[in-house]
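Thank you for asking me to look over this model before you begin working with it. I have set out my remarks as numbered points, written for someone who has not seen the structure before.

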Amino acid sequence: MSHDAKRQFYQHRPRRAKDLVSGSMSRLEFDDEAAQRLEGLYRIRDAARRRAIVREALGASPGERILDVGCGPGFYCAELLEDVGPSGAVVGVDGSAAMLGLAAARCAGHDNVEFHEADVASLPVEDAAFDAALTVQVQEYIPDVAAALTELARVLRPGGRAVVFDVDWATLSLHSDEPAITERILEAWDEHLVHPSLPRTLAPKLRTAGFEDVHVGAHPFVTLEFDPETYGAANVPFIGEFVAGRQGLTEEDARAWVAGQRALGERGEFYFAVTQFCFTARKPR
Ligand SMILES: C[S@@+](CC[C@H](N)C(=O)[O-])C[C@H]1O[C@@H](n2cnc3c(N)ncnc32)[C@H](O)[C@@H]1O
């Protein structure tokens, strides 16, 4: 695997000096290259399916003001502009300038959208300014989730709605001819974020942050095909790139594992499943 290939998307080691996520132990650096690659990942069929789940849970109406916390490359912002229409507004916040550049480009031509570079624990918006807010696959990277959720509650109006979507990576189940190395690879993969199983504790965290009416929906993303339009096949190469050099895994180990998964696909034996969780909650009136 080339040096450039290794650098793609997930960095192998935290580079905290350049980390825009202040105080974070996140293993991810959302720089230009990573942002471009993540934007590609979010074009796949399963990413569109996930956005449909979130959009339905959020239930944005014409005229509403919506905040996207950790907006990334702005796919949600662009779609939510359709839901709120010209009389509504969408604000995206992210800690990565690279992500915000893509998000702004995606929403170009709309005068009712704005973006801010900031940390999720310190949102640069007024109290009670939004009807609803979403934060999708962001909180699992945040060391102090309690502080971030309290901040989320602050910016919602009384009765305002929140959607918090995260993955329980412990539900990741895949078939492999080499279960021992697969187990090591999945252990190393857990290092890519701060909270590999955040959904397990999100409900009490939301209540403690001041939310009520907390509900959750579980959404399996499962595939039998090594099809790059699926969440599973799209993530296998990322996992391989991330784990090389961690927990005693060599680049050759990782390369062989990814090739093995692809070979399973060619033989019709690929299986990848992971469950993702969509929490909804409301700020008391
Ligand atoms: C996996 S991406 C998800 C992007 C977007 N929510 C989506 O689903 O399309 C995680 C995003 O969270 C942002 N992020 C991570 N930690 C952050 C923090 N502490 N403050 C602000 N943004 C953060 C990253 O820059 C990145 O854009």
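The points below take up the cavity, the salt bridges, a surface patch and two backbone angles.

1. Please keep in mind throughout that this is a predicted model, and that the remarks which follow describe the model as it stands.

2. I would begin with the interior, where the count comes to 1 cavity of 30 Å³ or more. The largest cavity has a volume of about 40 Å³, and its lining is made up of Leu41, Tyr42, Ile44, Asp46, Ala47, Arg50 and Tyr231. Helix 3, which covers residues 45-58, supplies the largest share of that lining with 3 residues. Sorted by character, the lining of the largest cavity holds 5 nonpolar residues and 2 charged ones, with no polar residue among them.

3. The salt bridges deserve a careful look, since the count comes to 18 of them. One of them joins the side chains of Glu39 and Arg43, with an N to O distance of 3.8 Å. The two partners differ in their surroundings: Glu39 counts as buried because its relative accessibility is 9%, under the 20% limit, whereas Arg43 counts as exposed because its value of 54% is over 50%.

4. A second salt bridge brings together the side chains of Asp227 and Arg45, at 3.4 Å from N to O. This pair links distant parts of the chain, for Asp227 sits in the loop between strand 6 and helix 9 (231-243) while Arg45 belongs to helix 3, and the two are 182 residues apart. Asp227 is partly exposed, with a relative accessible area of 22%, and Arg45 likewise counts as partly exposed, at 45% relative accessibility.

5. Helix 3 takes part in another contact of this kind, in which Glu82 forms a salt bridge with Arg55 and the closest N and O atoms are 3.2 Å apart. Because Glu82 lies in helix 4 (residues 75-84) and Arg55 in helix 3, the pair ties together parts that are 27 residues apart in sequence. Glu82 is exposed, with a relative accessible area of 58%, while Arg55 counts as partly exposed at 26% relative accessibility. Both residues also belong to a network of salt bridges that links Arg51, Arg55, Glu79, Glu82 and Asp83.

6. On the surface, I would draw attention to a nonpolar patch formed by Val222, Leu224 and Tyr271, which together have about 270 Å² of accessible area. Of these residues, Val222 lies in strand 6, which runs over residues 212-223. Val222 counts as partly exposed, its relative accessibility being 47%.

7. Which residues, other than glycine, should be checked for a positive phi? One is Ala128, whose phi is positive at about 55 degrees although the residue is not a glycine. Ala128 is found in the loop between strand 3 (113-117) and strand 4 (130-136), and it is partly exposed, with a relative accessible area of 37%.

8. Another is Gln137, which is also not a glycine and has a positive phi near 50 degrees. Gln137 lies in the loop between strand 4 and helix 6 (145-155). Is Gln137 buried or exposed? At 11% relative accessibility, Gln137 counts as buried, because this value falls under 20%.

Key:
Residues are numbered from 1 along each chain as its sequence is written. This is a predicted model: local features need pLDDT of at least 70, side-chain atom pairs count only at pLDDT 80 or more; totals for chains, interfaces and linings use all residues. Side-chain values use heavy atoms; hydrogens and water are left out. Patches are made of residues with over 30% relative accessible area and no salt bridge: like charges are joined within 9 Å, nonpolar side chains (Val, Leu, Ile, Met, Phe, Trp, Tyr) within 5 Å. Accessible areas come from the Shrake-Rupley method with a 1.4 Å probe; for residues, only the protein chains shown count as cover. A salt bridge is a side-chain nitrogen of Lys or Arg within 4 Å of a carboxyl oxygen of Asp or Glu. Helices (H or I, at least four residues) and strands (E, at least two) are DSSP runs, numbered from the N terminus. Buried means under 20% relative accessible area, exposed over 50%, partly exposed in between (1.4 Å probe, protein chains only). On a 1 Å grid over the protein atoms alone, a cavity is a set of points where a 1.4 Å probe fits but cannot get out, and a pocket is an open set with protein on both sides within 12 Å along at least five of seven lines; lining residues have an atom within 4 Å of a point. Grid points are joined across faces, edges and corners, and a volume is the space filled by probe spheres set on the points. Ala, Val, Leu, Ile, Met, Phe, Trp, Tyr, Cys and Pro count as nonpolar, Asp, Glu, Lys and Arg as charged, and the others, Gly among them, as polar.
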